[in-house]
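Here is a walk through one protein model, taken a step at a time. Have a look at the picture first, and then we'll go through it together.

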Amino acid sequence: MPRTLQEQLDQVERDIKLYIEFDKEEKDRFNRESYLWTAEDRIEWQEIQSDNAQRLRELLEERDNLRSRLGL
């Protein structure tokens with residue numbers, strides 16, 4: 001667990017990068033494979049995308065809060 005605010009910010013930045021990369025890969029996979037999916041597969045994919053988008057919004061908010069606390 002990061003101890004300093006800067007370490008926390010660095011961890012959040014890494015997490016944001018991972019979520020953005022995952023989102024891009026998932027959208028690419030959707031474009032390649034979605035024609036094979038059932039309706040249930042599509043619904044599951046949409047739910048995962050929604051959850052990931054929510055988590056990314058939370059991370060961005062956390063990053064903004066840490067930056068403001070650090071005076072950045």
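One bit of vocabulary before we start: a residue is called buried when its relative accessible area is under 20%, exposed when that area is over 50%, and partly exposed in between. Keep in mind, too, that what you're looking at is a predicted model.

Let's begin with the overall build. The protein has 2 helices and 0 strands. Its radius of gyration is 16 Å, while the globule rule gives 11 Å for 72 residues, so the protein is more spread out than a compact globule. You can see that in the C-alpha trace as well, which spans about 50 × 20 × 15 Å along its principal axes. As for cover, buried residues make up 18% of the 72 residues. The accessible surface comes to about 5,600 Å², and carbon and sulfur atoms account for 50% of that.

What about charges? The protein carries 13 positive and 19 negative ones, and the mean positions of the two groups are 5 Å apart.

Now for how the chain meets itself. Take the contacts with a separation of 6 or more: 67% of them are between residues 24 or more positions apart. We'll come across a few partners from distant parts of the sequence further on.

Start with Arg3, in the segment before helix H1, which covers residues 5-33. Is Arg3 buried or exposed? Its relative accessible area is 77%, and the cut-off for exposed is over 50%, so Arg3 counts as exposed. From there, jump to Phe30: the two residues are 27 apart in sequence, and their C-alpha atoms are 38 Å apart in space.

Phe30 brings us to the aromatic rings. A search of the whole structure turns up 3 aromatic pairs. In one of them, Phe30 and Trp37 sit edge-to-face, at 5.4 Å centre to centre with 70 degrees between the planes. Trp37 also pairs with Trp45, and this pair is tilted: 6.3 Å centre to centre, with 50 degrees between the planes. Put together, ring pairs link Phe30, Trp37 and Trp45 into a cluster.

How well covered are these three? Phe30 has a relative accessible area of 22%, which is not under 20%, so Phe30 is partly exposed rather than buried. Trp37, at 14%, does count as buried. So does Trp45, at 12%.

Next, move along helix H2, residues 39-70, until you reach Arg63. With a relative accessible area of 18%, Arg63 falls under the 20% cut-off and is therefore buried. Which residues does Arg63 touch, leaving aside its neighbours within four places in sequence? The answer is Leu9, Val12, Glu13 and Ile16.

Arg67 is found in helix H2 too. Its relative accessible area is 30%, between the two cut-offs, so Arg67 is partly exposed. Again leaving aside neighbours within four places in sequence, Arg67 is in contact with Leu9, Glu13 and Leu72. The Leu9 partner is worth a look on your screen: Arg67 and Leu9 are 58 residues apart in sequence, yet 7.4 Å apart in space, C-alpha to C-alpha. Leu9 and Glu13 were also on the list for Arg63.

Notes. Residues numbered from 1 in each chain as written. Predicted model: local features only at pLDDT ≥ 70, side-chain atom pairs only at ≥ 80, totals over all residues. Heavy atoms only, no water. Helix = DSSP H or I, 4+ residues; strand = E, 2+ residues; numbered from the N terminus. Rg over C-alpha atoms; globule rule 2.2 N^0.38 Å. Buried < 20%, exposed > 50% of the residue type's maximum accessible area, 1.4 Å probe, protein only. Contact = heavy atoms within 4.5 Å. Areas by Shrake-Rupley, 256 points an atom, 1.4 Å probe, with all protein chains shown as cover. Lys, Arg positive; Asp, Glu negative; His and termini not counted. Charge placed at Lys NZ, Arg CZ, Asp CG, Glu CD. Phe/Tyr/Trp six-rings, centres within 6.5 Å; stacked < 30°, edge-to-face > 60°.
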